[in-house]
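Here are my notes on this model, set out as numbered points. Please read them with the structure open.

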Amino acid sequence: MEITEIITQFLMPLVLAACYAIGAALKSTERYPNKYIPATMLLIGAVLAPLATGDWSAQTIMIGAISGWASTGLNQTIKQLSNKE
C-alpha cells in the first residue's frame, strides 16, 4: 500500500486542516492546557468529518478522529523541521 492510498483512505485533508488551525489557536491561548490539545483534536475531528460528509457511519467518525489527531503530529513535524539548530 502506497502512502497516497493510506492518506486517501484514512485521512480527510479538510478535517486535518481545520483541526490544525483550531489546535494552533488553542495553543496560542494560555487558558487551555497544551496536554489536552491532541485529545481535543481527536474529538473535534470525529465530529467534523460526519458534518462535512453527511455520513455518520463508524468509519467516517474514525477517519475524522484519526485526521484530527494527526493534525497535532503535523504541527509537531512542521515545528521540528523549522527548528534551526
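1. Start with Ser-71, a residue of helix 4. The model is predicted. Ser-71 has a relative accessibility of 2%. The limit for a buried residue is under 20%, so Ser-71 counts as buried.

2. What does Ser-71 touch, leaving aside residues up to four places away in sequence? The partners are Leu-16, Cys-19, Tyr-20 and Met-41. Leu-16, Cys-19 and Tyr-20 are listed in helix 2. Met-41 is listed in helix 3. Ser-71 itself appears in the contact of helix 2 with helix 4, and again in the contact of helix 3 with helix 4.

3. Ser-71 can also be placed against Gly-45. The two are 26 residues apart along the chain. Their C-alpha atoms are separated by 9.3 Å. Gly-45 belongs to the helix 3 side of the contact with helix 4. Gly-45 is also listed where helix 3 meets helix 2.

4. Now the overall layout. The chain has four helices and zero strands. Read from the N terminus, the order is α-α-α-α. The chain has 85 residues, and 26% of them are buried. Its accessible surface is about 6,000 Å². Carbon and sulfur atoms hold 67% of that surface.

5. How much of the contact set links residues 24 or more positions apart? Among contacts in the chain with a separation of 6 or more, the share is 61%. The helix pairs below are worth reading with that figure in mind.

6. Helix 3 and helix 4 come first. Helix 3 covers residues 37-53, and helix 4 covers residues 58-82. Their axes come within 6 Å and cross at roughly 135°. The two helices are therefore oblique to each other. The crossing is right-handed.

7. Which residues form that contact? From helix 3 come Ile-37, Pro-38, Met-41, Leu-42, Gly-45, Ala-46, Ala-49, Pro-50 and Thr-53. Helix 4 supplies Thr-60, Ile-61, Gly-64, Ala-65, Gly-68, Trp-69, Ser-71 and Thr-72. By class, the contact of helix 3 with helix 4 has 10 nonpolar, seven polar and no charged residues.

8. Thr-60 deserves a separate look. This residue lies in helix 4. Is Thr-60 buried or exposed? It is buried, with a relative accessible area of 9%. Beyond residues up to four places away in sequence, Thr-60 touches Ala-49, Pro-50, Thr-53 and Asp-55. Ala-49, Pro-50 and Thr-53 are among the helix 3 residues of the contact with helix 4.

9. Next, helix 2 against helix 4. Helix 2 spans residues 13-28. The axes of helix 2 and helix 4 come within 8 Å and cross at roughly 60°. That makes helix 2 oblique to helix 4. Helix 2 passes helix 4 in a right-handed crossing.

10. On the helix 2 side of this contact are Val-15, Leu-16, Cys-19, Tyr-20 and Lys-27. They meet Gly-64, Ser-67, Gly-68, Ala-70, Ser-71, Leu-74, Asn-75, Ile-78 and Lys-79 in helix 4. The contact of helix 2 with helix 4 divides into seven nonpolar, five polar and two charged residues.

11. Check Ile-66 as well. It sits in helix 4. With 36% relative accessibility, Ile-66 counts as partly exposed. Ile-66 and Leu-16 are 50 residues apart in sequence. In space, C-alpha to C-alpha, Ile-66 and Leu-16 are 8.8 Å apart.

12. Last, helix 2 and helix 3. Their axes come within 9 Å and cross at roughly 145°. This crossing is right-handed. In helix 2 the contact uses Leu-14, Val-15, Ala-18, Cys-19, Ile-22, Gly-23, Leu-26 and Lys-27. In helix 3 it uses Ile-37, Thr-40, Met-41, Ile-44, Gly-45, Leu-48, Ala-49 and Ala-52. The classes here are 12 nonpolar, three polar and one charged.

Note on methods
Residues numbered from 1 in each chain as written. Predicted model: local features only at pLDDT ≥ 70, side-chain atom pairs only at ≥ 80, totals over all residues. Heavy atoms only, no water. Axes fitted to C-alpha atoms, helices over the stretch in contact; angles between N-to-C directions. Parallel < 35°, antiparallel > 145°, perpendicular 65-115°, else oblique. Left-handed = near helix turned anticlockwise from the far one by under 90°. Contact = heavy atoms within 4.5 Å. Nonpolar A, V, L, I, M, F, W, Y, C, P; charged D, E, K, R; others polar. Buried < 20%, exposed > 50% of the residue type's maximum accessible area, 1.4 Å probe, protein only. Areas by Shrake-Rupley, 256 points an atom, 1.4 Å probe, with all protein chains shown as cover.
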